[in-house]
Amino acid sequence: MAFALEPPERLARTLGETYGDRAAGWLAALPALAAEAVAEHRVTVERVVEPGGRSGLVLLARRPDGAPATLKIVPPFAAPGLEQVALAHWKGRGAAELLGTGAGALLLERLHPEMSLRSLPEAKSLLEAADTVRKLWVAPPPEHGFESVADRTARQAAAMRSAAAADGALAPLVTAALAARDELCASAGETVLLHGAFRQGKVLAGDRAPWLAVGPEPVTGERAYDLARLARDRVEDLVAAAPGASSTRRRVRRLAESLDMDQERLRGWALFRAVESGTRALTLGRRQDAEVLLEYASWL
């Protein structure tokens, strides 16, 4: 039997922007889907996590023995199977532990959603983030089915070219970002399993370990790609600061040094990922977000 729930605003907005009509149908069916998942996993729901994730409904729950857990219900078009494979492969090392699957849902170790690395001072948060993400960089499992960085960014590059064609002011940054991407893909020398969407907000406080990652969008490729999204965390603070450009470059250098990584490769992926996010934000009508991201990219 379905129960009443309202999808969090952030989830509805993000799925709608990304998947359109498919998202609308899934969201309409979500109460029934949630009830099915709750029954199959035999959990008691405590509450919906707000604002929650961007790819699925997150519920805090209790297992039959009273142990806390998290139930994440993800639409089939958001490839929950890939997240499941990645979490199972990590086996709780650096990431939330996968406790069970079924009914379009993942049963996960309970973390503390109200406390992410964003709650820490910036310097401390970046240190903890680096310590967490390095645990995730392992050889991918055989026959994994994960997309490669080269394939993922090739799709994104096509959308970036279209955005630049529609708005000539974007052309210089898009051209620089695409050139960086081509060079990086051509010279990549390692292939590891990556989180794919790693940032401070994706690392939550836990009981089994101080900090654990959640919400992977797994991909295989070089470590610098994963670190590039982290490099622009709290980008609004960087843009607002008087020495924003020098602070940005200093952060890239420090992150690269902390993980024994080539600074130029990190800078190149940070440029590509910021321009990709900025052009996508423009396409979706989020002009303020786009301006911040593109200004950040210009400093790289």
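Me: Which residues in H9 meet which residues in H10?

Reply: This is a predicted model, and in it Val252, Arg253, Leu255 and Ala256 of H9 meet Gln263, Leu266 and Arg267 of H10. When reading such a contact, it helps to recall that an α-helix has 3.6 residues a turn, so residues three or four places apart point the same way. By class, the residues of the contact of H9 with H10 divide into four nonpolar, one polar and two charged.

Me: How are the axes of H9 and H10 placed, and at roughly what angle do they cross?

Reply: The axes of H9, residues 244–258, and H10 come within 9 Å and cross at roughly 125°. Angles from 65 to 115 degrees count as roughly perpendicular and those over 145 as roughly antiparallel, and H9 and H10 are therefore oblique to each other. The crossing of these two helices, H9 and H10, is right-handed.

Me: At what angle does H7 pack against H10, and which residues of the two helices meet?

Reply: H7, which spans residues 223–230, packs with H10 at an angle of about 55°, the axes being 8 Å apart, and that makes H7 oblique to H10. H7 passes H10 in a right-handed crossing. On the H7 side the contact involves Ala224, Tyr225, Asp226, Leu227, Ala228 and Arg229, which meet Arg265, Leu266, Trp269, Ala270 and Arg273 in H10. The residues of this contact divide into seven nonpolar, no polar and four charged.

Me: How many residues of H7 are buried, and what covers them?

Reply: Seven of the eight residues of H7 are buried, so H7 is largely enclosed by the rest of the structure. The buried residues are Ala224, Tyr225, Asp226, Leu227, Ala228, Arg229 and Leu230. What covers them includes the helices H4 (122–136) and H5 (149–166), the strands E8 (192–194) and E11 (219–221), and also H9 and H10.

Me: How many residues has the largest nonpolar core, and which helix gives the largest share of it?

Reply: In soluble globular proteins, nonpolar side chains tend to be buried together. Here the largest nonpolar core has 65 residues, and those with the most contacts inside it are Trp137, Leu227, Met261, Leu266, Trp269, Val275 and Tyr296. The largest share of this core, nine residues, comes from H10, residues 263–283. There is also a second, separate core of 20 residues, which includes Leu15, Ala23, Val43 and Leu71.

Me: Which residues is methionine 261 in contact with, leaving aside its neighbours within four places in sequence?

Reply: With those neighbours left aside, methionine 261 is in contact with Trp137, Arg223, Ala224, Leu227, Ala256 and Leu266. Among these partners, Trp137, Leu227 and Leu266 are also listed with methionine 261 as having the most contacts inside the largest nonpolar core.

Me: In helix H6, are alanine 177 and arginine 181 buried or exposed?

Reply: Burial is read from relative accessible area, with under 20% counting as buried. Alanine 177, found in H6 (residues 171–187), is buried, with a relative accessible area of 0%. Arginine 181 is found in helix H6 as well, and at 12% relative accessibility it counts as buried.

Me: Leaving aside neighbours within four places in sequence, which residues are alanine 177 and arginine 181 in contact with?

Reply: On that basis alanine 177 is in contact with Met160, Leu271, Phe272 and Val275, and arginine 181 is in contact with Ala150, Thr153, Ala154, Trp269 and Phe272. Phenylalanine 272 thus appears in both lists. As for separation, the C-alpha atoms of alanine 177 and phenylalanine 146, which lie 31 residues apart along the chain, are separated by 24 Å.

Notes:
Residues numbered from 1 in each chain as written. Predicted model: local features only at pLDDT ≥ 70, side-chain atom pairs only at ≥ 80, totals over all residues. Heavy atoms only, no water. Core = buried A, V, L, I, M, F, W, Y, C linked by side-chain atoms within 4.5 Å. Buried < 20%, exposed > 50% of the residue type's maximum accessible area, 1.4 Å probe, protein only. Helix = DSSP H or I, 4+ residues; strand = E, 2+ residues; numbered from the N terminus. Contact = heavy atoms within 4.5 Å. Axes fitted to C-alpha atoms, helices over the stretch in contact; angles between N-to-C directions. Parallel < 35°, antiparallel > 145°, perpendicular 65-115°, else oblique. Left-handed = near helix turned anticlockwise from the far one by under 90°. Nonpolar A, V, L, I, M, F, W, Y, C, P; charged D, E, K, R; others polar.
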